[in-house]
Amino acid sequence: MKAGLEVHQQLAVGKLFCACPAELTEEVTETFARPLRAAGGESRAVDAAAAFQAARGLVYRYECGPSSCLVEMDEEPPHPLNEAALDTALTLALLLHARPVDEIEVMRKIVVDGSNTTGFQRTALVAVDGELVIREKRFSISTICLEEDAARKVRESPGEISYRLDRLGIPLVEVATGPEITSGPEAREVAEEIGALLRATKRVRRGIGTIREDVNVSTEGGHRVEIKGVQELRLIQEYVDREVARQRWLLDLKDRLAANSAHVPSVPPVDVTELFHSVESGPFSGAGKGGQVVLALPLPGFSGLLRSPPDSEERLGRELADYARTVGLRGLVHSDELPGYGVAPERVVELRSRLGLGEADAMVLVTDRSRERATLALERVRDRARAALEGVPGETRDPLPDGRTRYSRPLPGRDRMYPETDIPPIRISAERLARLRDQLPERPEELEERLARTHSLPAEVVRQLVFGDFVEPFEALTAQHHPAGLVARLLTQDLPSVPSVRGDAPFAPSLTVLAAVLEAAESGRIAKEGIPSVLAALAAGAPDVPSAVERSGLSGLSHEELVAIVRRVVEANSELVRSRGDAAFSPLMGDVMKEVRGRRDGREISEALRTEIVRARSARPS
Ligand SMILES: [Zn+2]
């Protein structure tokens with residue numbers, strides 16, 4: 001397999017083509033609605049992805065916030081390009097050893113999903129031919145672009161999608177790598193390196209959704225598939241691995257379809273509504289009422305291949321259904337899952353005979369109140385079934401939270417670019433590059449070296465701090481004289497291990513709260529081992545650190561009480577201490593920890609236990 005990444009990072013330098021703040025807001029002051037259609041690009045051809053979206057015939061509603069302006073509403077031409085954003089993109093280009101272009105030409109990239117009020121996204125190529133070297137392996141950086149972010153989707157209802165304008169126009173640096181990535185873990189590593197270089201500019205926005213990755217994956221004999229908009233870096237590896245498995249399954253399926261002489265005839269869908277009049281439950285129960293039709297598409301040679309093979313969670317039925325969903329259907333029913341869905345066995349026999357299906361043949365059924373939509377859905381299903389005969393279709397897929405992906409639209413092509421006539425070209429002067437070269441920020445590896453030196457931390461821990469994006473809180477907390485080792489462990493291990501409680505947002509306490517947790521551990525009120533429990537109690541809603549300590553049951557154990565517990569455990573096991581001597585330590589430590597884990601420091605506990613064992617042995621009668 002091979003893979004390439006596109007990393008999109010939001011910048012914190014205001015918007016790209018107006019003077020509005022680059023901040024998200026929950027305040028909506030007014031809304032307006034617009035339809036969008038697909039127009040031809042520079043080469044006059046209409047882009048496939050754009051035509052696909054326009055065919056959905058949706059209305060787009062836009063929500064304005066307190067600071068929304070006429071540029072964002074597309075009622076006024078864009079203002080000159082944000083110079084600080086360009087400097088940041090050029091700085092990144094220098095950090096990646098890329099070659100800046102002579103002149104910035106802003107282009108319009110046609111995007112007709114409503115996420116831009118203009119119907120296009122402005123984008124500019126800033127540099128080419130960079131490289132990234134990780135452990136002596138070279139990854140090429142093909143392009144570095146500056147683009148405007150799209151509006152934020154807030155709601156979707158039948159026929160209408162709502163977007164908020166606050167995110168529209170936030171500058172994005174887009175870094176595209178070459179296809180040299182050859183595994184899931186490598187994809188994650190490259191993404192982490194690029195993320196660290198972006199943060200090195202100190203001009204990036206932080207938090208969930210401020211960095212997004214598109215992952216392009218292809219396998220030998222397969223096709224390029226783009227997984228678009230991955231927000232969680234830790235899932236990149238999983239998306240890549242699963243996409244490779246999916247493409248292998250599709251290639252295997254292709255062979256099995258060929259062995260069955262499967263084909264997809266160009267006959268129109270068959271109206272079988274009347275066969276469903278008496279169906280009383282399931283998706284077909286409304287057939288014949290209120291204009292609801294049932295249409296069938298025969299798939300000769302597909303029988304048994306639409307459901308999941310035993311060793312895989314992929315199934316062709318789902319892939320076909322994903323295509324049907326793009327025109328607004330909830331799904332489809334195929335013959336590998338019949339009888340079922342309220343359709344009795346004798347009805348299935350009737351259906352098969354009506355469609356003239358043999359043993360090896362399959363069919364797909366859709367039902368909808370609109371005959372037109374049901375027909376369109378089966379046309380999409382037919383396209384997808386035909387693609388299965390060829391192997392892997394090239395497509396854009398959405399990442400799902402569980403690591404799977406789902407078809408979203410065709411791959412966009414070259415036809416969608418058009419010059420932005422409202423922005424004059426910008427020359428990149430030698431003076432400008434010289435100034436940026438003089439002010440190059442500290443590189444991630446220099447930062448690693450400095451942190452290791454200043455705080456005497458192991459290289460692996462420093463790496464986690466730098467590439468896991470923990471440097472800012474680490475420096476803030478160590479500046480308050482909290483011990484570096486404790487801070488590093490809190491940020492890189494304890495905090496990420498806290499399960500998120502409310503919704504999906506990860507637990508992100510303020511620096512003040514983190515400092516209070518560290519303070520509790522340093523003063524001995526809780527043990528270092530108790531920090532995760534205290535954080536979990538805070539995540540679950542404890543108002544402050546003292547109540548979190550109390551709720552997690554970690555408070556109220558003095559050194560004297562600890563010694564009393566240890567002594568009780570040793571006395572209860574006097575036989576074991578007598579027979580095994582020092583070897584009794586491990587089993588007894590286990591018993592003690594059951595009672596005091598997290599309430600006192602681990603070292604203090606083991607010292608108390610050793611002392612008590614020695615005392616018990618010297619006290620024994622000789
Ligand atoms: Zn604005």
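A helix here is a DSSP run of H or I at least four residues long, numbered from the N terminus. With that in hand, select helix 3, residues 184–200, and look for Arg199 in it. One thing to keep in mind on this tour: the model is predicted.

**Stop 1: Arg199**

Show the side chain of Arg199. Is it buried or exposed? Arg199 has a relative accessibility of 17%, and the cut-off for buried is under 20%, so Arg199 counts as buried. Now add Asp469 to your selection: the side chains of Arg199 and Asp469 make a polar contact at 3.1 Å. To fill in the surroundings, also select Val204, Arg206, Val466 and Phe467, which together with Asp469 are what Arg199 touches once neighbours within four places in sequence are set aside.

Stay with Phe467 for a moment and bring up Arg463. The charged end of Arg463 sits over the ring of Phe467, 4.3 Å from the ring's centre. There is another arrangement of this kind to visit: select Phe17 and Arg122, and you'll find Arg122 over the face of Phe17, 5.4 Å from the ring centre.

**Stop 2: zoom out**

Time to see the whole chain. The C-alpha trace spans about 100 × 75 × 50 Å along its principal axes. If you colour by secondary structure, you have 19 helices and 21 strands to look at. Of the chain's 622 residues, 51% count as buried. How do the contacts run along the sequence? Taking contacts between residues at least 6 apart in sequence, 73% join residues at least 24 apart.

**Stop 3: strand 1 and its partners**

Select residues 2–10, which make up strand 1. How many of its nine residues are buried? Eight are, so strand 1 is largely enclosed by the rest of the structure.

Next, add residues 211–218. This is strand 12, which pairs with strand 1 in the antiparallel sense over eight bridges. For a spot to zoom in on, pick Lys2 and its bridge partner in strand 12, Ser218.

Then add strand 11, residues 171–177, which runs antiparallel to strand 1 and is joined to it by five bridges. Here, the residue to click is His8, whose bridge partner in strand 11 is Glu174.

**Stop 4: the aromatic rings**

Five aromatic pairs turn up in this model. Begin with Phe32 and Tyr62, a tilted pair with 5.4 Å from centre to centre and 35° between the planes. Phe32 is in strand 2 (residues 30–35) and Tyr62 in strand 3 (residues 59–64), so you are looking at a link between distant parts of the chain, 30 residues apart. Both rings belong to buried residues: Phe32 has a relative accessible area of 14%, and Tyr62 has one of 0%.

Keep Tyr62 selected and add Tyr163. Why does this pair count as stacked? The ring centres are 6.1 Å apart and the planes lie at 20°, so the pair of Tyr62 and Tyr163 is stacked; the planes need to be under 30 degrees apart for that. This pair also links distant parts of the chain, with Tyr163 in strand 10 (residues 160–164), 101 residues from Tyr62 in strand 3. Tyr163 is buried too, at 3% relative accessibility. Finally, add Tyr60, and you have one aromatic cluster on screen: Phe32, Tyr60, Tyr62 and Tyr163.

**Stop 5: an open sheet with a helix on it**

Move on to strands 14, 15, 17 and 16, which form an open sheet in the order 14-15-17-16 with antiparallel pairing. Which strands stand at the edges? Strand 14 (270–271) and strand 16 (333–334) do; each has a single partner strand, so one side of each is left without a neighbour in the sheet.

Now add helix 6, residues 345–355, which packs on the sheet and touches strands 14, 15 and 17 (362–368). The direction of helix 6 makes about 105° with that of strand 17.

Back at strand 14, two bridges join it to strand 15 (residues 293–299), and Asp271 stands opposite Leu295 there.

**Stop 6: backbone oddities**

Most peptide bonds are trans, and most residues other than glycine have a negative phi. Three places to check against that:

- Leu338 and Pro339 are joined by a cis peptide bond, with omega about 0°; Pro339 is in the loop between strand 16 and helix 6.
- His97 has a positive phi of about 55°, and is found in the loop between helix 2 (83–95) and strand 4 (99–100).
- Asp129 has a positive phi of about 60°, and lies in strand 7 (residues 120–134).

Technical notes:
Residues numbered from 1 in each chain as written. Predicted model: local features only at pLDDT ≥ 70, side-chain atom pairs only at ≥ 80, totals over all residues. Heavy atoms only, no water. Buried < 20%, exposed > 50% of the residue type's maximum accessible area, 1.4 Å probe, protein only. Pairing = 2+ DSSP bridges. Phe/Tyr/Trp six-rings, centres within 6.5 Å; stacked < 30°, edge-to-face > 60°. Lys NZ or Arg CZ within 6 Å of the ring centre and 35° of its normal. Contact = heavy atoms within 4.5 Å. Axes fitted to C-alpha atoms, helices over the stretch in contact; angles between N-to-C directions. Polar contact = N/O pair within 3.5 Å; in protein donor to acceptor, adjacent residues only side chain to side chain.
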